[in-house]
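Grab a pencil and work through a few short exercises with me. Try each task on your own before you read its solution.

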Amino acid sequence: MTDRTQNSTDSSADDPLVLVAALYRFTPLADYETLQSPLQDRMREDGLRGSLLLAAEGINGTISGRPPQLRGFVEWLRRLEHAGHRPFEATDVKWSGCDELPFRRARVRLKKEIVTMGVEGIDPLQSVGTYVDPEDWNALVDDPDVVLIDTRNDYEVEIGTFAGAVNPKTDTFREFPEYVKENLDPQQHSKVAMFCTGGIRCEKSTAYLKECGFSEVYHLRGGILNYLEKVSPEESRWQGECFVFDSRVSVNHDLQAGQYSLCHGCGWPVTAEMRADAKYEHGVACPRCADEVSDEQRRRRRERQRQIDQQRSQSQDTDAQRGSRSLPI
């Protein structure tokens, strides 16, 4: 089950066992390093797991936990005062649910950027594309003059995207500016629409296009996750599943865990058919990469998977000892 709308700390009969919050906020953070410990401590107090990134430009991350605790954390975050104001008061949050915690630990990391494009001077607070609500997205992308671009990486596009979208075939977001330079022209492409998982990459990609001289630049407000929440499957232009950066790997149109797992050898999504293939070995290789894996790599990956399984087993034992606040891993 999923929870799509509630922001309060109250739980309900419709709550999933585990609630997941994907959140971000571009906001200037002076002395952002001082926020690391308070955030980390609060996550641990609430029994939350996941990862938050802090940088001078804001916050980004995905965290999970029991619905009351997670909603309480988000409300606390929005009220948190820093340098004389509440920098996270308008933090954008996408909610989804699952049956098991999709993360093994809680951590808050300090970064140079909360989403890494690697281009100096790109500031979504100064210049950004036009936001398009999910309810208006179909009409925009149906316009024949619009070039629709998926700003995500190749392995994400592999399992789902919008009908008619261009795949830049990037391995990382750092490659996106080079794709723009080689494939887009402000004089030829008068209208450009872009989308990503939760909206954060498009904040920077649209700001970058504006800096490059593109006049009409649009992006999907709240990203794919917001679209799947607001638009019915019958009216949807979305095809496939949406890649997410946690152990669920993907979510379907109902924002429930999808059919994919992840190959820890090459990092690409794996279908049930691929898992049934003789070349698939959990934690080691999949049919896509198996022929390129050396014997030494197989040995190291098997040992890594053994350690992961052992840590997971120990974590489950610890959670069971904690009692009612424990969650399945």
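**Exercise 1. Is Phe 243 buried or exposed, and how are its ring and that of Phe 245 arranged?**

Start with Phe 243 in this predicted model. Its relative accessible area is 4%, and anything under 20% counts as buried, so Phe 243 is buried. Next, take Phe 245: at 47% relative accessibility, it counts as partly exposed.

Now bring in the other aromatic pairs. The structure holds eleven of them. In one, the ring centres of Phe 176 and Tyr 179 sit 6.0 Å apart with planes at 35°, so that pair is tilted. Phe 176 and Tyr 179 are both in helix H5 (residues 176-183), three residues apart, which is about one turn of the helix. Phe 176 is buried at 1%, and Tyr 179 is buried too, at 12%.

Back to our two phenylalanines. Phe 243 and Phe 245 have 5.1 Å between ring centres and 75° between planes. Planes over 60 degrees apart count as edge-to-face, and that is the label for Phe 243 and Phe 245.

**Exercise 2. Describe how helix H1 and helix H2 pack together.**

Two packed helices are described by the angle between their axes and the distance between the axes. So let's get both.

- Step one: the axes of H1 (residues 36-45) and H2 (residues 67-79) come within 10 Å and cross at roughly 160°.
- Step two: angles over 145 degrees count as roughly antiparallel, and H1 and H2 are therefore roughly antiparallel to each other.
- Step three: the crossing of H1 past H2 is right-handed.
- Step four: look at who touches whom. H1 brings Pro 38, Leu 39, Arg 42 and Met 43, while H2 brings Gly 72, Phe 73, Trp 76 and Leu 77.
- Step five: sort that contact by class, and you get six nonpolar residues, one polar and one charged.

**Exercise 3. How does helix H3 meet helix H7, and how many residues of H7 are buried?**

Begin with H7 (residues 223-230). Seven of its eight residues are buried, so to speak mostly covered. They are Gly 223, Ile 224, Leu 225, Asn 226, Tyr 227, Leu 228 and Glu 229.

Then add H3 (residues 134-141). The axes of H3 and H7 come within 9 Å, crossing at roughly 105°. That makes H3 roughly perpendicular to H7. On the H3 side the contact uses Pro 134, Glu 135, Trp 137 and Asn 138, and on the H7 side Asn 226, Tyr 227 and Lys 230. By class, that contact has three nonpolar, two polar and two charged residues.

Two of those names come up again: Trp 137 and Tyr 227 belong to one aromatic cluster along with Phe 162, Phe 195 and Trp 238.

**Exercise 4. Where do Lys 169 and Leu 255 lie, and what is the sign of phi in each?**

Keep this background in mind: most residues other than glycine have a negative phi.

Lys 169 has a positive phi of about 60°, and it is not a glycine. Look for Lys 169 in the loop between strand S8 (160-162) and H5. With a relative accessible area of 59%, Lys 169 is exposed.

Leu 255 also has a positive phi, near 65°. Its loop runs between strand S13 (250-251) and strand S14 (261-262). Leu 255 is buried, at 2% relative accessibility.

**Exercise 5. Which residues touch Tyr 131 and Arg 104, leaving aside neighbours within four places in sequence?**

Take Tyr 131 to start. You'll find it in strand S6 (residues 130-132), and at 33% relative accessibility it is partly exposed. Its contacts beyond the sequence neighbours are Glu 203, His 219 and Arg 221. For a sense of how the chain folds back, check Val 217: Tyr 131 and Val 217 are 86 residues apart in sequence, with 9.0 Å from C-alpha to C-alpha.

Now Arg 104, in the loop between strand S4 (92-98) and strand S5 (106-110). At 36% relative accessibility, Arg 104 is partly exposed. Past its sequence neighbours, Arg 104 is in contact with Arg 49, Ile 308 and Arg 312. The C-alpha atoms of Arg 104 and Gly 50 are separated by 7.3 Å, although the two are 54 residues apart along the chain.

Note on methods. Residues are numbered from 1 along each chain as its sequence is written. This is a predicted model: local features need pLDDT of at least 70, side-chain atom pairs count only at pLDDT 80 or more; totals for chains, interfaces and linings use all residues. Side-chain values use heavy atoms; hydrogens and water are left out. Rings of Phe, Tyr and Trp (its six-membered ring) pair if their centres lie within 6.5 Å; planes under 30 degrees apart count as stacked, over 60 as edge-to-face and the rest as tilted. Helices (H or I, at least four residues) and strands (E, at least two) are DSSP runs, numbered from the N terminus. Buried means under 20% relative accessible area, exposed over 50%, partly exposed in between (1.4 Å probe, protein chains only). Axes are lines fitted to C-alpha atoms, for helices over the stretch in contact, and angles run from 0 to 180 degrees between N-to-C directions. Angles under 35 degrees count as roughly parallel, over 145 as roughly antiparallel, 65 to 115 as roughly perpendicular and the rest as oblique. A crossing is left-handed if the near helix is turned anticlockwise from the far one by less than a right angle, and right-handed if clockwise. Contact means heavy atoms within 4.5 Å. Ala, Val, Leu, Ile, Met, Phe, Trp, Tyr, Cys and Pro count as nonpolar, Asp, Glu, Lys and Arg as charged, and the others, Gly among them, as polar.
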